[in-house]
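Hi everyone, thanks for making the time. I'd like to walk you through one structure today, so please have the sequence and the model up while I talk.

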Amino acid sequence: MQRNCQKLRGRLMACALMALTAASWANDFPKRKEGLWELKTVGLQASGMPATQFCVGDKTDQPEHALDRMPAVKGSCRFGAFRRAGEAWLAESVCKEGKRVVTSRSIASGDFETFYRIDTHVTYEPPLGGIKREDKDALEGRYLGPCHPGLKPGDSVVPGMGTLNMQDGSFKPEAAPRPGRRTRSQE
């Protein structure tokens, strides 16, 4: 009887330790300060692309979608969650498109209170078109302050298009300029 109690106590301790470890892993992900963030793609391929704005709330950055990345298996792709790598965060994905394997590695760094940057390196095996082996991309986020009135957590404002909520999928098109009023592009 005492032996069975010791086994049970050992199993309960192991389960409790596993639960605590899992809970700490689940809470270990990059989380941005709540408020409005400006997001822009930087680099040669991004020249001329307008910055977007994203309203971060208490439930927008969660383990299942930290920094707008959703770990999952979708079709022929496996998207990994962000995990600690020293002072930075690392996320990887692998997609199989026919005979081609596309591997992506993203490294997020910054304080996530005022600024962060995500550098992504994508490799193609075999190369695209027989010559393109890789792509590099970077995204920078800069904290602007509280979200503007009318914006809710998860809203992504895309200039010239409108506002898409990344959590519920709702979309509000950008209002058309009133007739007779000059826009900046007309001045």
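Let me start with a question for the room: does Tyr-116 count as buried or exposed? With a relative accessibility of 1%, Tyr-116 is buried, because the cut-off for that class is under 20%. Please keep in mind throughout that we are looking at a predicted model.

Now for the overall layout. The protein chain contains one helix and 12 strands. Reading from the N terminus, the order is α-β-β-β-β-β-β-β-β-β-β-β-β. The chain has 187 residues, and 28% of them count as buried.

Back to Tyr-116 and its ring neighbours. The model has three aromatic pairs. In one of them, Trp-37 and Tyr-116 sit 5.4 Å apart centre to centre with 55° between their planes, a tilted arrangement. Where in the chain do these two partners come from? Trp-37 belongs to strand S1 and Tyr-116 to strand S8, so to speak a link between distant parts of the chain, 79 residues apart. Both Trp-37 and Tyr-116 are buried.

Tyr-116 also pairs with Phe-112, and here the geometry is stacked, because the ring centres are 5.5 Å apart and the planes meet at 20°. Phe-112 is itself buried, with a relative accessible area of 6%. Taken together, ring pairs connect Trp-37, Phe-112, Tyr-116 and Tyr-143 into a cluster.

Next, the largest pocket. Its volume is about 580 Å³. Among its 25 lining residues, Thr-41, Ile-118, Thr-120, Asp-137 and Leu-139 are the closest to the centre. Which strands supply at least two residues each to that lining? They are S1 (35-42), S6 (88-97), S7 (100-110), S8 (115-128) and S9 (132-145). As for the chemistry, the lining splits into 14 nonpolar, six polar and five charged residues.

If you are wondering how strands can offer side chains in two directions, a reminder: in a regular strand the side chains alternate between the two faces of the sheet.

Let's turn to charge. Side chains of opposite charge can pair when their charged atoms come close. How many salt bridges does the structure hold? There are nine of them. I'll pick out a few.

One salt bridge joins Arg-142 and Glu-38, whose closest N and O atoms are 3.0 Å apart. Because Arg-142 is in strand S9 and Glu-38 is in strand S1, this pair ties together parts that are 104 residues apart in sequence. Arg-142 has a relative accessibility of 42%, so it counts as partly exposed.

Then there is a bridge between Lys-59 and Asp-58, with 3.8 Å between the closest N and O atoms. Here Lys-59 is exposed at 56% relative accessibility, while Asp-58 is partly exposed at 45%.

The third one I'd like to show you is Asp-135 with Lys-132, where the closest N and O atoms are 2.8 Å apart. Asp-135 counts as buried at 17% relative accessibility, whereas Lys-132, at 34%, is partly exposed. Elsewhere, salt bridges with shared partners combine Arg-83, Glu-92 and Arg-105 into one network.

Last stop: strands S10, S11 and S12. S10 (residues 155-158) pairs with S11 (residues 162-165) in the antiparallel sense, over four bridges. If you want a register mark, Val-158 stands opposite Gly-162 in S11. What do S10 and S11 form, and how many residues lie between them? They make a hairpin with three residues between the strands, and Gly-160 in the turn has a positive phi of about 85°.

S11 is then joined to S12 (residues 171-173) by three bridges, again running antiparallel. Leu-164 is found opposite Phe-171 in S12. S11 and S12 also form a hairpin, this one with five residues between the strands, and Gly-169 in its turn has a positive phi of about 80°.

To close, let me go back to where we began. Tyr-116, buried at 1% relative accessibility, is tilted against Trp-37 and stacked with Phe-112. Thanks for listening, and I'm happy to go back to any part of the model.

Technical notes. Residues are numbered from 1 along each chain as its sequence is written. This is a predicted model: local features need pLDDT of at least 70, side-chain atom pairs count only at pLDDT 80 or more; totals for chains, interfaces and linings use all residues. Side-chain values use heavy atoms; hydrogens and water are left out. Two strands pair if DSSP finds at least two bridges between them. On a 1 Å grid over the protein atoms alone, a cavity is a set of points where a 1.4 Å probe fits but cannot get out, and a pocket is an open set with protein on both sides within 12 Å along at least five of seven lines; lining residues have an atom within 4 Å of a point. Grid points are joined across faces, edges and corners, and a volume is the space filled by probe spheres set on the points. Ala, Val, Leu, Ile, Met, Phe, Trp, Tyr, Cys and Pro count as nonpolar, Asp, Glu, Lys and Arg as charged, and the others, Gly among them, as polar. Rings of Phe, Tyr and Trp (its six-membered ring) pair if their centres lie within 6.5 Å; planes under 30 degrees apart count as stacked, over 60 as edge-to-face and the rest as tilted. Buried means under 20% relative accessible area, exposed over 50%, partly exposed in between (1.4 Å probe, protein chains only). A salt bridge is a side-chain nitrogen of Lys or Arg within 4 Å of a carboxyl oxygen of Asp or Glu.
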